[in-house]
Every structure is written in C-alpha cells, then in structure tokens.
Amino acid sequence: MKYRRLGDVTVSAIGLGAMPLSIERRPDEDRAVATVHAALDAGITLVDTADSYHWHAGERGHNEILVARALARYGGDTSHVLVATKGGRGRPGDGSWTVDATPAHLKRAAEASRKRLGVEAIGLYQLHKPDPGVPWADSVGALRELLDASTVRAVGISNVTSDQIREAHAILGDALVSVQNQYSPAVRDAEPELRLAARLGLAFLPWSPLGGISRSSLDGPSGPASTDTAFHRVAGDHGVSPQRLALAWLLHRAPTVIPIPGASRPASILDSARATEIELGAEELRRLEAPRSGP
C-alpha cells in the first residue's frame, strides 16, 4: 500500500467506501464485517461512511454502527484508521434522498455520528451536500463551530462547485482538508474542482470512482457498465482488472486524489487496494484521456 496526505494525517492512497455494506442489496453482517477486515488487512486506513448510508426508514446511522462494530472486532491495531463520515442528507426509506444542511441539523447530526462511531472526536466530518435553502456560509459556519467544540478534528465538503470550495476555504482555512465529488472514467465533470483542490492542497476523494467500468451501488441490475473501453484494453495489457486499472488512473490524476471505491465483499476491496502497485506510462495515460472509450 502507498500513502497520501489528508490534512495533517497520512492515509492509504486507496480508501474503502462503506456505503454498499448498508444500502439496497447489502450483504449480511458477517460478510460486511469481513469486507472491512479485508480492507484493513490490505493496508487501507481510510473508511468513508455517512449517517444516511442505510436502506430502510428508521435506520439512520446503520453504516456508521456497522463500521464501528467491524473495527472493534478486528484483531489488530486500528488506532491509525481514519473514519470519515458525512452529515446533511437523509433517506426516507423509499429510495429517495433529502438534504438538510441547516446549522442546527448539522450540529445534531455530527454529535449523533460521534456517539455511533464511539469516538471522542470524529476524525473527518464532511458536509454531504449543499442545501439550496440554506446560505452556504451558514452551513460551512456550522462546520467551524463543530471544530471549535472539538466534536470533529477536521472537515470536508462534498458535491460542491469551485466557488463553494473557495468560499469554504476562506472560512475554514487549514481545517478544510477534503473535497468529495463524483469523478470516474465516465463522469469527469468535477475536473475543475479536482484541480482546484490540488492547488489548495486539499485531498480529493472521488465517489463512485468506477463509473463506466462497474455499476454504482445504487444502479439497478441493468445499470450501465462498459465492457470494451481503453481502460479494459490497458488493464488487459497489465493483466489486471479494469476496476483496478481505473483506480490507478485516478491516482495519476493528481497527488491529492484518494479514491474510495465501494465494496460489498472482501475480494473486491482486495483487488482495489492493489491499484497502488500499477505505474502508467505517458502513452497509456493518453489512451485513457478520452471518456468511456478510446484507441
């Protein structure tokens, strides 16, 4: 495993996106715990979760509780593992998502997450999504208050624009350590935010990083997944899975990128963790530049 900086801590260059362990089509708890343990065995020290990662109504915090339970059951030292959670979204249980980034909600949500995770302070707390009904500065100000209250140690923002990154950075300064936006071989709309994060020294955590290569955890059984792209062909040249190759490509986008692929079984995260072993040449990177396919 290789490592990268996230704020003032060092974490594995590949993280574990724990969402698939708690949402629709989730595995049973034994397999979910085994998946987290496999990630730890592979050297992964960043686990991404959120209070809204659950399936049914009334399950808020399901994924946080599961992650905390898996860490507690692990036989080795987990003191170096950074659990990053998020607040500001909800799931009523009908498959939809809601947004509530009012300061009052964020402060309540962070305290509830802290208790579920069983920690004195959350290592990284991220605002899950801007709330169109709340001034951005007010939501970001709530993160500042959580820092001042020592409820959290560092903060991040997710699903944001470049202007929102700049404003949050002006308010939070060095306490802002991460940006988490969708970015993958098929979805590259956040390229400006990735580059801005790199210039500011912020970790960029692409969510759904295998888009175009594998279906997202929330896609239906017939969701889109390509089978013949430049990623598949370059992966074949290296003798690795296209998923592993896609993660290696993401690592080459900038030294601040830390992909957080989801996994619902040990084999998946073990394959993802090995992406740090792949070195891509300039010609290979050129072939991978075109989204979805290429020569």
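These are my notes on two helices that pack together, a third helix and one loop residue.

**Ground rules.** I worked on a predicted model, where local features need pLDDT of at least 70, side-chain atom pairs count only at pLDDT 80 or more, and totals for chains, interfaces and linings use all residues. Residues are numbered from 1 along each chain as its sequence is written, and side-chain values use heavy atoms, with hydrogens and water left out.

**Helix α3.** I took helices as DSSP runs of H or I of at least four residues, and strands as runs of E of at least two, numbered from the N terminus. I checked the length of α3 (residues 103-117): its end C-alpha atoms are 21 Å apart, in agreement with the 21 Å expected (1.5 Å times one less than its number of residues). I then listed its buried residues (under 20% relative accessible area, 1.4 Å probe, protein chains only): H105, L106, A109, A110, S113, R114 and L117. They fall within an arc of 165 degrees (directions from the helix axis to the C-beta atoms), so they line one face of the helix. An α-helix has 3.6 residues a turn, so residues three or four places apart point the same way. On the face turned away I found R108 and K115, both exposed (over 50%). The cover over the buried residues of α3 includes α2, β5, β8 and α4 (contact means heavy atoms within 4.5 Å). After α3 comes G118, with a positive phi near 70 degrees.

**A190.** I located A190 in the loop between β10 and α6. A190 counts as buried because its relative accessibility is 6%. Leaving out residues up to four places away in sequence, A190 touches N181, Q182, Y183 and F204.

**α1 and α2.** I noted that E29, A32, V33, V36, H37 and L40 in α1 meet L66, R69, A70, L71 and R73 in α2.
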